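Reader: I would like to learn how to read ring contacts, cavities and backbone angles in a model. Where do we begin?

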Amino acid sequence: MLPFLGAVTFLTAIGNIGLVSVMPAIGRMLRIPDFLVAGIFSVSALTWAVSSPFWVSRIGRAGPAFYIRAGLVGFILSMGGCALSVELGLLAILPPLATFGCFALLRSIYGLLGSAAATATQALVAARTEGAERTRAITGLAGALSLGTIVGPAIAPAMMIEPLGPLGPMLGFALLGALALAGSWRLLPKAPPAAAAVAPDPDAPSLTDVWRRKAIGRHLNFGLLLCSAQAINLYTIGFVIIDRAPGGAMTAQQMIGIAMTAGAVAALLAQWGLVRLLTLSPLSMMRWGVALAVAGNAAAALDGGMAAAVLGFVLASFGYGLARPGFSAAASLAGAAREQVGIASATTLIAGASITLPPILASMAYQWWRPAPFAIAVAIGVLLLLDHLIRPIVHDER
């Protein structure tokens, strides 16, 4: 089960981050304001965040496999529909704002169904693992996510070939999703043995209950701020490179792909290399990850060149890659068995909530002050170091 979950995580990361890498150029071609391009993903993320608690009590009814397939269906519909809306916009059949609306609505389909798949995956891992094994499993899935974010930006520009042009990546990713969905009927059992382990408990703590527990809530609050800083970097780096590089949006597309791929490689090295080499605890992963993210963002904010933006983004990505599985593992280990579905739902909600307002606000601030996205990420990182990591923490690293 776990290898296939890693494969699905890898596939969806290819599509989602690949789409993020080409959207700044597509947005400029469609004459959609930068903050609305970021808003497309924010609307989807809001749907993800709002729907996450809804799935908590339903995972055990149909089994995790059902929700994983539902996530793949949402991925396919979203990618195929977005390709159609972009084509209508390029042909001037739809005006820019209408194109934005259609794109945002179609991305919300994935936000709704993708959150169900992510919650089921997290709960299933928690049900099958304990202690250090769970940390390794969560880090492994995070590594699969990072591996997908390497491949996505690397292949997305190459898929923008004639006669498809900017539609190529979206149609290609939809096809990959269809292949994964077909494979799921063979690789996912109809009645997985773990279903009983994640069956709904009417007395199980809710997402709100587990978040209120100090030992768990501090890690979840850390994750929300950390993921918000990463979202700011991820969803503004394309615009930064376009504006710092000579030439137009399409000329800068190759450099955007290189930067995002290099950042994903750095995150993967942190998760699959450094963590396993040094056997870091979740708290150490969080502390060092934030420090590296602050350093990378500070370098990019202080130097207005394109090289500084790319290198700073890569260093920050290494830090985020280290800290994200750290907070997930710390929160999971701080909870009891009956709290794991609630913690899984909270972690899924954080992944979506962090992409709602932060990228939009950072994109708007970028129009007024060019270093703004990096400066905001630095401020968040410093706050985390001061509040969550320097002060004594009540936690349980079982």
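Author: We begin with a definition. Rings of Phe, Tyr and Trp pair if their centres lie within 6.5 Å; planes over 60 degrees apart count as edge-to-face. Keep in mind that this is a predicted model.

Reader: How many aromatic pairs does a search of the whole structure find?

Author: The search finds three aromatic pairs. One of them joins Phe-66 and Tyr-67. The ring centres are 5.2 Å apart and the planes meet at 90°, so the pair is edge-to-face.

Reader: Are Phe-66 and Tyr-67 buried or exposed?

Author: Buried means under 20% relative accessible area. Tyr-67 has 7%, so it is buried. Phe-66 has 48% and therefore counts as partly exposed.

Reader: What numbers describe a pair in general?

Author: A pair of aromatic rings is described by the distance of the centres and the angle of the planes. Now take Phe-75 and Tyr-110: 6.0 Å centre to centre, with 75° between the planes. This pair is edge-to-face.

Reader: Which parts of the chain does the pair of Phe-75 and Tyr-110 link?

Author: The pair links distant parts of the chain. Phe-75 is in helix α4 (residues 64–90), while Tyr-110 is in helix α5 (residues 96–128). They are 35 residues apart. Phe-75 has a relative accessible area of 1%, so it is buried. Tyr-110, at 8%, is buried too.

Reader: Which charged side chains lie over the face of a ring?

Author: Arg-69 lies over the face of Trp-185, at 3.9 Å from the ring centre. Arg-370 lies over the face of Tyr-366, and there the value is 4.4 Å.

Reader: On to cavities. How many are there of 30 Å³ or more?

Author: The count comes to four cavities. Take the second largest cavity, with a volume of about 50 Å³.

Reader: Which residues line the second largest cavity?

Author: Among them are Leu-226, Ala-229, Val-290, Asn-297, Tyr-320, Ile-380 and Leu-384. Helices α9 (214–244), α11 (282–302) and α15 (372–390) each supply at least two residues of the lining. By class, the lining holds nine nonpolar residues, two polar and no charged.

Reader: How do I check the span of α11?

Author: Multiply the rise by one less than the number of residues. At 1.5 Å a residue, the 21 residues of α11 should span 30 Å. The end C-alpha atoms of α11 are 31 Å apart, which agrees.

Reader: Which residues of α11 are buried?

Author: The buried residues of α11 include Pro-282, Met-286, Gly-289 and Ala-300. Val-290, Ala-293, Val-294 and Asn-297 are also buried, and these four line the second largest cavity.

Reader: What about α9, where Ala-231 has its place?

Author: Ala-231 is buried, because its relative accessible area is 5%. The C-alpha atoms of Ala-231 and Pro-373 are separated by 10.0 Å. Along the chain, these two residues are 142 residues apart.

Reader: Last topic: backbone angles. Which residue in the loop between α1 and α2 should I look at?

Author: Look at Arg-31, in the loop between α1 (2–30) and α2 (34–55). Phi of Arg-31 is near 60°, a positive value in a residue other than glycine. With a relative accessible area of 72%, Arg-31 is exposed.

Reader: And which residue with positive phi lies in the loop between α4 and α5?

Author: That is Ala-92. Its phi is about 65°, although Ala-92 is not a glycine. Exposed means over 50%, so Ala-92, at 63%, is exposed.

Note on methods: Residues numbered from 1 in each chain as written. Predicted model: local features only at pLDDT ≥ 70, side-chain atom pairs only at ≥ 80, totals over all residues. Heavy atoms only, no water. Phe/Tyr/Trp six-rings, centres within 6.5 Å; stacked < 30°, edge-to-face > 60°. Buried < 20%, exposed > 50% of the residue type's maximum accessible area, 1.4 Å probe, protein only. Helix = DSSP H or I, 4+ residues; strand = E, 2+ residues; numbered from the N terminus. Lys NZ or Arg CZ within 6 Å of the ring centre and 35° of its normal. 1 Å grid on protein atoms, 1.4 Å probe; cavity = no way out; pocket = protein on both sides within 12 Å on 5 of 7 lines; lining within 4 Å. Points joined across faces, edges and corners; volume = space filled by probe spheres on them. Nonpolar A, V, L, I, M, F, W, Y, C, P; charged D, E, K, R; others polar.
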